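Biologist: Before we discuss this structure, I should like to have the sequence and the coordinates in view. Please show them, and I will then put my questions one at a time.

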Amino acid sequence: MWQEMNKPKMATEKGASRVLMLLGQLERLNEEPKVSDTDATRQITGKILHIIQTQEKTRKEVMSKGSSGMDVILSTLENTGDLQTTLNVLSILNELLTVGGGRRTGVFVSKGGTAILLQLLVSSSKDPLNEELMLHIHTLLFKVGPKDDITSSSDRKFGVKARLNGALNVTVNQAKHNLQNHKLLLPCLQVLRVYSGNLVNAVSLGKSGALELMFEIIGPFSKKSTTLLKVALDTLAALLKSKMNARWAVDRGYIPTLLAIYQDWHRNDTRHRHMIIRKSILGCIKNLTNIKLGRKAFIDANGMRILYNTSTECLPVRTLDPLVNTSSLIMRKCFPKNRLPLPTIKSVYQYPLPRILAGGPVAQLYSLPPGVDDVVDESDENEATEVDTENDTENEDDETGHKTQNDDIETDINKLRPRQMQSRPFDELRVYERFCLEFTQYFKDNDFQSPGSVMPPSSFDPNRHHPLIIPTTQNRRPKNIQPPRSNDSPLELDSISISKTLEGKPNPDLACSLGQLVLDGDVSVNGESGDGPQEESGDQAVIEVPDTAALLPLHDPDLYLEMVKGTRSVPAYTEVAYPDYFGHVALNLREPILERAYGVQSRTKIFQDIERLIHPSDILDRVVYDLDNQSCPILDNGESLKFNSKFESGNLRKAIQIRKFEYDLILNSDINSNHYHQWFYFEVGNMRPGVRYRFNIINCEKSNSQFNYGMQVLMYSVQEAINGSPQWVRTGSDICYYKNHFSRSSIAAGGQKGKSYFSMTFTVTFQQKDDVCYFAYHYPYTYSTLKMHLQKLSGLCTSEIYYRQDELCETLGGNSCPLLTITAMPESSSNEHISQFRSRPVVFLSSRVHPGETNSSWVMKGSLEFLMSSSPQAQSLRESYIFKIIPMLNPDGVINGNHRCSLSGEDLNRQWQNPNAELHPTIYHAKSLLQYLRATGRTPLVFCDYHGHSRKKNVFMYGCSVKETVWQTNVNTSNCDLHEDLGYRTLPKLLSQMAPAFSLSSCSFVVERSKEATARVVVWREIGVQRSYTMESTLCGCDQGKYKGLQIGTRELEEMGAQFCVGLLRLRRFTTPLELHNHNSHLLDMENDLKDPRSIPNITSPTTYVLEEDEPAFLEEVDYSAESNDENDPDFEPDLQDNRVLPDPSSDSELSRQDSLT
Ligand SMILES: [Zn+2]
């Protein structure tokens, strides 16, 4: 090979031929081992070395592509028995591999250099020590072995090769015997460091005494031999990744030793020149504390206090961040696991079910033997290896997530092929005819009115005006001077109270103190009804309820109270939250996604948490709110905040004052469940203005949250509302979401042991004195709000609109599930018009199956308002379709403050395959209605279920495509029939063109196994709706389009709902055969363009497929600190005064075409 490839080359390169000529001579000598001339070889290698040492370009010649110089050199090394020749060759290699980056090393490795070198090491270890030889070999080995630098093309199998060649012990022994000979010791240690990167090697090296060796080398602060020390520490850290080694080191008491060494360096390295050594010491401690024994030893050695104190001293120096971060990681890991301060993790409220399915979640929940402590289990005794990355909250879920994602794609072609399953017999379905009267109804000319609501109308008069009466703070003061009455109820504690009067007289229906709007129904929580706020009305100044009628046409406080009276909650709530009563006026402000503040997580918050352990006496641990112990006396020391969430959609179980201005909050589980909490909605009073309060929700379950990526909580100030700004605003600073030290029972973690909860922490400074404020996960939208909106919407009905409200069914909790039918009235009672009326395609929309996803209700509100509006587009839309809408699929969950489930303790969006009529009535009847529609030849054109997404930005859709699913599975597709209409792409594509919050690249059309019981997949597969979607709206904000960098608000959500309708209007043009026939052949082109898979970006990107429908294990890769919030974004129009979002002008032409068609 050498001759074939290089001879010609050598002949052509005259000037550079000397080194190549010498290599040629060397090669000939190698080929004739019998006449081996040691002197000649020695001489030639010596010459080559000299040339290479003195002329840089000759190295390039030897290593140039096509040159076989490396073969010759390695062959010489392998075959020579001469020490001097060996040394020469090793020197040549050292010169060659010093520069040239990974390529030269790659050539060396590919030619088998590593093994030759290792064999040389082992064979020469049998001879008396030759220091120079050992030095050369180890220096070279170190160059070849893998480094931390991932990009280098070093020998990835180095560790295995070293072990198989028996080199490990040779190097250990060399190091042992040369402890004082630093010149040789250093390369030996460097090679040991490389060896120990392999875990099996680490165990083997540990047995060979490598650990003792390292502990001999490392020591207290010294300015000498820092390089050596650093390598020894890094080697030690690598060795300690083996649990066996770690146990050995802990048993011998090395944790206190390492802590002492660390403190010594911390004290003496005053100018921070040796930060990396200090970090390496921490690296050893970090690995030792991966084992439970190590964590215990760390605590016993006072490690928490030592690292806390040193870190606190490091905090002001930014360059010492790595020390602070690693210390923080160790401390969090070693922080003793606590149990949640709860008697049980089961929901405070139980709801007796009509039946409990054996083996179901509720049966499991209540089958635990009495007395079993479900808050903790032996799981915290488990030696769980914590994920050890510096940012474990961000990374840990991704790895597990990726595995399950790939496993989750549906690969069964038979399951993928949409097929219409057997539905209920038509005789049974016939009862759903009553929800579809428009298909049978006859219209008489004199009775041309919309059917309106078939639900009992309210006798309520929305035009009456009701002043609220609020005593001023001054008026109230004298009362506070009086000795406190022993029977003061909590309701009396607020320093402002409001009473509502009707024409000067106390309203018998209502008594409210600020933050405590109490319905005087069957149950009165106010124990002193005769001494309640009503009596004080004489002292009270009159304040108007914020007049929001102009801004909020669908809101009416009094109507809201009427609606509340008919809402049935499990806890039998009698209070009304002010925000729901006053209403929410969308802000005209832009609310930017927060930039992630530097170090909030690792510095401030974590350290404050660690202080709980360091300074336990500073911790108040005072329970100030507790649903589990309602009789627990609420102490009023004037210092503590007051909490409450006993109102619709409220969810706060317990509040514990930790420090003067810090509270731990615990959320309640979904009813008949022991987990599923993320949603929160609660009220806070008795605050001091101008003080920073920290709130920690300590039992969050998801492993990451948009709270780490700029999302803020929502706050509603009652004072602000009264002063004319009734609105939810994004608020809170120092927000972060991280794994905490409260251990999670495996019972609630799907059997997984050793899991922890997560804390969501935020800091708020209240502006107003004597205020009552509300906090929520997202803009609340209660069931009573829905009923109010529907009532107001029905009032918008004109003679052109066909609007009917039916009761789809009653929920488990005894609430009505509304079903709306909206379309246009037929133009006349002529046969032609009635026929057109009845032949309109059906669009089926639903929302809010998940109670915590309130954003989906706001999107639905936007859709409903658009559908009921008087705009020509809305009329056109109504004339195009018959809309069947279930705006709230899970009223009970919404009412009772659940996050995910219904009263059955189950996720209703996992019940569509086989819904139980008793336990899942809304799903059962919604599906049956769809089956009825299909059976009568009215299979919907579009089905869309609105949801909210807690971990992704923007609005996007999930659909169902056989093709795209098959693509992802890499299944051989040649033998399966893959003719698929690409019409499912059209609507998302249209929405991406007109709805600013909508992002096409986030859409996915893959069918996942875990989603086979969701509405989207079942309606697609069983009902045969090709355009069956889940539409997900972010809880956070947008990272593209007009709203890029902004948090989403109700205005944007409602706009999305309206734009969805406009999208349907445009879709009509692609789905009407007549239109395609008679008009505009270019429309066909556009349709084709829309359907072209290539025009949909990122369809095959692995980050966009198979996302868990609601909360995928999604890793945000964007570093928000680097993302600009450009105030001068030309695309952004801050003037959003017009509440109704108008579609873009291009739709006008479409409108006229539409008109001409209908
Ligand atoms: Zn959802």
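Modeller: Strand β15, residues 713-717, pairs with β16 in the antiparallel sense over four bridges. Please bear in mind that this is a predicted model.

Biologist: Which residue of β16 stands opposite M715?

Modeller: The strands β15 and β16 are antiparallel partners, and the bridge partner of L714 in β16 is R730. For M715, the residue opposite in β16 is V729.

Biologist: With which strand does β15 pair over four bridges, apart from β16?

Modeller: In the open sheet the order is β10-β13-β19-β15-β16, with antiparallel pairing. Y716 of the strand in question stands opposite Y774. The partner, running over residues 772-776 and joined to β15 by four antiparallel bridges, is β19.

Biologist: Which strands stand at the edges of the five-stranded sheet?

Modeller: The sheet is open, and its five strands follow the order β10-β13-β19-β15-β16. An edge strand here has a single partner, so one side of it is left without a neighbour in the sheet. This applies to the strands at 642-644 and 728-731, namely β10 and β16.

Biologist: By what average angle are neighbouring strands of this sheet turned against each other?

Modeller: The sheet in question is the open one with the order β10-β13-β19-β15-β16. With direction ignored, the average turn between its neighbouring strands is 30 degrees.

Biologist: Which residues of β15 point the opposite way from L714 and Y716?

Modeller: In a regular strand the side chains alternate between the two faces of the sheet. In β15, five of its five residues are buried, and this covers both directions. L714 and Y716 point one way, and the other way point V713, M715 and S717.

Biologist: Is T310 buried or exposed?

Modeller: T310 lies in helix α20, residues 303-314, and is in contact with Y262 and H266 when neighbours within four places in sequence are left aside. Since buried means under 20% relative accessible area, and T310 has a value of 5%, T310 is buried.

Biologist: What length does α20 reach from its first C-alpha to its last?

Modeller: Helix α20 has twelve residues, for which 16 Å is expected at 1.5 Å a residue. The span in the model is close to that expectation, at 16 Å.

Biologist: Which helix gives the most residues to the largest nonpolar core?

Modeller: In soluble globular proteins, nonpolar side chains tend to be buried together. The largest nonpolar core here has 130 residues, of which F643, F695, F775 and M1031 touch the most other members. The helix that gives the most to this core, with ten residues, spans 1050-1071 and is α40.

Biologist: How many residues apart in sequence are the parts tied together by K927 and E1022?

Modeller: Side chains of opposite charge can pair when their charged atoms come close. K927 forms a salt bridge with E1022, the closest N and O atoms being 2.9 Å apart, and both residues are buried. K927 lies in helix α36 and E1022 in helix α39, so the pair ties together parts whose separation in sequence is 95 residues.

Biologist: Which residue forms a salt bridge with D907?

Modeller: D907 counts as buried at 7% relative accessibility, and its partner counts as buried at 9%. Their side chains meet at 2.9 Å, N to O, and the partner is R900.

Conventions:
Residues are numbered from 1 along each chain as its sequence is written. This is a predicted model: local features need pLDDT of at least 70, side-chain atom pairs count only at pLDDT 80 or more; totals for chains, interfaces and linings use all residues. Side-chain values use heavy atoms; hydrogens and water are left out. Helices (H or I, at least four residues) and strands (E, at least two) are DSSP runs, numbered from the N terminus. Buried means under 20% relative accessible area, exposed over 50%, partly exposed in between (1.4 Å probe, protein chains only). Contact means heavy atoms within 4.5 Å. Two strands pair if DSSP finds at least two bridges between them. Axes are lines fitted to C-alpha atoms, for helices over the stretch in contact, and angles run from 0 to 180 degrees between N-to-C directions. The expected span of a helix is 1.5 Å times one less than its number of residues. A nonpolar core is a set of buried Ala, Val, Leu, Ile, Met, Phe, Trp, Tyr and Cys residues joined through side-chain atoms within 4.5 Å. A salt bridge is a side-chain nitrogen of Lys or Arg within 4 Å of a carboxyl oxygen of Asp or Glu.
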